[in-house]
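Here are a few short exercises to work through with the model open beside you. Try each task before reading its solution.

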Amino acid sequence: SGFASEVRAVKHCNGTDYWLIAHEKGNNKFRTYLITSSGIGNPNVQTIGSSSGNIYAQMGVSNDGKTIALNDVVSGVKAVQLFDFSPSSGYLNYLYEVSTPTSGFIGGCAFSPNNRYLYISTDFSIIRHDLLNPSLPSAVISNIPVGQQQGRFRDILLASNNKIYAG
């Protein structure tokens, strides 16, 4: 069925090899490929989480490579799915979904430099979710004022200077 628009690489726990992580569009299958000096291995295929209806999903990976976030629209509910990731085995475990307190398209997601917060971009807002206190409601921390809606938040990334940029 093809892949969504996002794939990510995560360093293997041996510090040399990498995992390539991809999510199929239209379903809930992840594929992880081990990349070594010998080449690319066969995929680990997992059916996990909610079925993805979003072909323009953005996947975020925490800085320690142990948490994966995938934005999605599942059964009309706009949410970001969170997964534990094992850098040694390449397998994921489903954690939970983060629902957004605003309406609109979910553009992307990025982790804070210290992995405590997950930032989620929607059409006109940036939302912060506390990963250490997941029962707390997510907070809207930035809005585009009404009347200035030509620019929308879409992708969101943590840059090498440890700042998060949305565009």
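**Exercise 1. Decide whether Cys 13 is buried or exposed, then do the same for Cys 109.**

Solution. Keep in mind that this is a predicted model. Start with Cys 13: its relative accessibility is 53%. The cut-off for exposed is over 50%, so Cys 13 counts as exposed. Now take Cys 109, whose relative accessible area is 2%. Buried means under 20%, so Cys 109 is buried.

**Exercise 2. Find how many disulfides the chain has.**

Solution. The test is a pair of cysteine sulfur atoms within 2.5 Å. Applying this rule gives a count of zero disulfides.

**Exercise 3. Describe how strand 11 and strand 12 pair.**

Solution. First, locate strand 11 at residues 117–122 and strand 12 at residues 125–130. Next, check the direction: the two strands pair in the antiparallel sense, over five bridges. For a concrete position, look at Ile 120, which stands opposite Ile 127 in strand 12. Finally, look at the connection: two residues lie between strand 11 and strand 12, and the strands form a hairpin.

**Exercise 4. Explain why strand 12 is described as largely enclosed by the rest of the structure.**

Solution. Count the buried residues in strand 12: five of its six are buried, so the strand is largely enclosed by the rest of the structure. For the chain as a whole, buried residues make up 43% of the 167 residues.

**Exercise 5. State how many helices and strands the chain contains.**

Solution. Going through the chain gives zero helices and 15 strands. To round off the picture, turn to the contacts between residues at least 6 apart in sequence: 40% of them join residues at least 24 apart.

Technical notes: Residues numbered from 1 in each chain as written. Predicted model: local features only at pLDDT ≥ 70, side-chain atom pairs only at ≥ 80, totals over all residues. Heavy atoms only, no water. Buried < 20%, exposed > 50% of the residue type's maximum accessible area, 1.4 Å probe, protein only. Helix = DSSP H or I, 4+ residues; strand = E, 2+ residues; numbered from the N terminus. Pairing = 2+ DSSP bridges. Contact = heavy atoms within 4.5 Å.
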